[in-house]
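Here's a quick tour of a binding site, meant to be read with the model open beside you. Find the ligand on screen, then work through the points below.

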Amino acid sequence: MIRILMVCLGNICRSPMAEYIFRDMAEKRGLGDQFYIASAATSNEELGNPVYPPARRKLYSLGIDCSGKRARQMTKADYQEYDLLLGMEQWNLNNMRRICGGDPEGKIHLLLEHSARPRDIADPWYTDDFDTACRDIQEGCQGWLEVLDNRQ
Ligand code: 4NP
């Protein structure tokens, strides 16, 4: 089983969307039992809060219910708990390396790393563009799922 932690700044928009979308994609491919997926924040701004309503609605439109999710902050212990820690943008990666005391095992990567156009996922908390964020997250999850499925 591969353990993946999706990480963003607040854990109420992008990383919960990535958590639920990746899990849904894996389940639809019959690979649900090969992955354990969770998400967390680099900041403590939104601790304990549910997924932000526009992100929740976006997931709901894909047939995904994320009502049980509450934001939590990542800790250094997550580095040992997970095989991969996927950030949404370079700034997340910097914060993740700071929290983890570096990345000695090369576990910290960008969600959109396996894309024809690797890039940051803009924060919809600021852009208000949840459609683009969702499409980018789907592209990122698809890329990682293909790479990891071929690796196993
Ligand atoms: P996220 O968006 O990192 O995609 O969850 C944000 C949500 C909340 C805040 C920042 C980003 N905030 O500062 O409260």
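**Around the ligand**

In this predicted model, the ligand is surrounded by Cys-8, Leu-9, Gly-10, Asn-11, Ile-12, Cys-13, Arg-14, Glu-45, Glu-46, Asp-123, Trp-125 and Tyr-126. Sort that shell by class and you get six nonpolar, two polar and four charged residues.

**Contacts with ligand oxygen atoms**

- Glu-46 uses its side chain: one of its polar atoms there lies 2.7 Å from an oxygen atom of the ligand.
- Cys-13 comes in through its backbone instead, with an N or O atom 2.9 Å from a ligand oxygen.
- Ile-12 also has a backbone N or O atom facing a ligand oxygen, this time at 3.1 Å.
- How much of the ligand does the protein bury? On its own the ligand exposes 350 Å², and the protein buries 95% of that.

**The pocket it sits in**

- Where does the ligand sit? You'll find the ligand in the largest pocket.
- That largest pocket holds about 160 Å³ of space.
- Its lining is made up of 13 residues, and those nearest the centre are Leu-9, Gly-10, Glu-46, Asp-123 and Trp-125.
- Split by class, the lining of the largest pocket has six nonpolar, three polar and four charged residues.
- Glu-46 is worth a second look: it's among the lining residues nearest the pocket centre, and its side chain makes the 2.7 Å approach to a ligand oxygen.

Note on methods:
Residues numbered from 1 in each chain as written. Predicted model: local features only at pLDDT ≥ 70, side-chain atom pairs only at ≥ 80, totals over all residues. Heavy atoms only, no water. Near = heavy atom within 4 Å. Polar contact = N/O pair within 3.5 Å; in protein donor to acceptor, adjacent residues only side chain to side chain. Areas by Shrake-Rupley, 256 points an atom, 1.4 Å probe, with all protein chains shown as cover. 1 Å grid on protein atoms, 1.4 Å probe; cavity = no way out; pocket = protein on both sides within 12 Å on 5 of 7 lines; lining within 4 Å. Sits in = over half its atoms within 2 Å of the grid points. Nonpolar A, V, L, I, M, F, W, Y, C, P; charged D, E, K, R; others polar. Points joined across faces, edges and corners; volume = space filled by probe spheres on them.
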